[in-house]
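Welcome, and please have your viewer ready. We will go from one selection to the next, with a few words at each stop.

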Amino acid sequence: MAQEAAGWLPEETLSLWKREQARLKARVVDRDTEAWQRDPAFSGLRRVGGVDVSFVKGDSVRACASLVVLSYPELEFCLQVAKQNSSSLPSACQPFRCWKQLHAP
């Protein structure tokens, strides 16, 4: 995918994305930190979510980022946030950083 993207993205954008990816990689937690993660029934887990960022085909600037949150274990809809952005990918993710700050447990 990186080689595919390299054909239509400015080098500056690719460099920015690589730096952002390295920054995020340094923050990855690769062990269970919550009690519900160690419980086979996941008791204590109350919400699950998914994120997607998609670009308009052939356009390295316009993107749409979406976040959906469901209750667990019922999997009932709780929240959807979608944002179209004319910017680079790391900036397209800004609405989710704000949402996380506002809705942190």
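Start by selecting Ser71, in what is a predicted model. Is Ser71 buried or exposed? Its relative accessibility is 11%, and because buried means under 20%, Ser71 counts as buried. To place Ser71 in the fold, colour residues 62–71, which make up strand β2 and include Ser71.

Now show the surroundings of this serine. Which residues does Ser71 touch, leaving aside those up to four places away in sequence? The contacts are Arg46, Arg47, Glu76 and Cys78.

Next, turn to the aromatic rings. How many aromatic pairs does the structure hold? There are 2 of them. For the one to select now, display Trp36 and Phe42: their ring centres are 6.2 Å apart and the planes meet at 55°, so this pair is tilted. The label follows from the cut-offs, because planes under 30 degrees apart count as stacked and those over 60 as edge-to-face, with the rest called tilted.

While both side chains are on screen, look at their exposure. Trp36 has a relative accessibility of 25% and counts as partly exposed. Phe42, at 35%, is also in the partly exposed class.

Keep Phe42 selected and add Tyr72. Here the ring centres lie 6.3 Å apart and the planes stand at 90°, so the pair is edge-to-face. Where do these two residues sit in the chain? Phe42 is in the loop between α3 (35–38) and β1 (47–55), while Tyr72 is in the loop between β2 and β3 (77–86), so the pair ties together parts that are 30 residues apart in sequence. With a relative accessible area of 26%, Tyr72 is partly exposed.

Select the three rings together: Trp36, Phe42 and Tyr72 form one aromatic cluster.

Finally, zoom out to the whole protein. Switch to a cartoon and you can find 5 helices and 3 strands. What pattern do they follow along the sequence? Tracing the chain gives α-α-α-β-β-β-α-α. Of the 105 residues, 20% count as buried. If you draw a contact map, look at the contacts with a separation of 6 or more: residues 24 or more positions apart account for 39% of these.

For a last view, turn on the surface. The protein exposes about 8,200 Å², and carbon and sulfur atoms supply 55% of that area.

How values were computed:
Residues numbered from 1 in each chain as written. Predicted model: local features only at pLDDT ≥ 70, side-chain atom pairs only at ≥ 80, totals over all residues. Heavy atoms only, no water. Helix = DSSP H or I, 4+ residues; strand = E, 2+ residues; numbered from the N terminus. Buried < 20%, exposed > 50% of the residue type's maximum accessible area, 1.4 Å probe, protein only. Contact = heavy atoms within 4.5 Å. Phe/Tyr/Trp six-rings, centres within 6.5 Å; stacked < 30°, edge-to-face > 60°. Areas by Shrake-Rupley, 256 points an atom, 1.4 Å probe, with all protein chains shown as cover.
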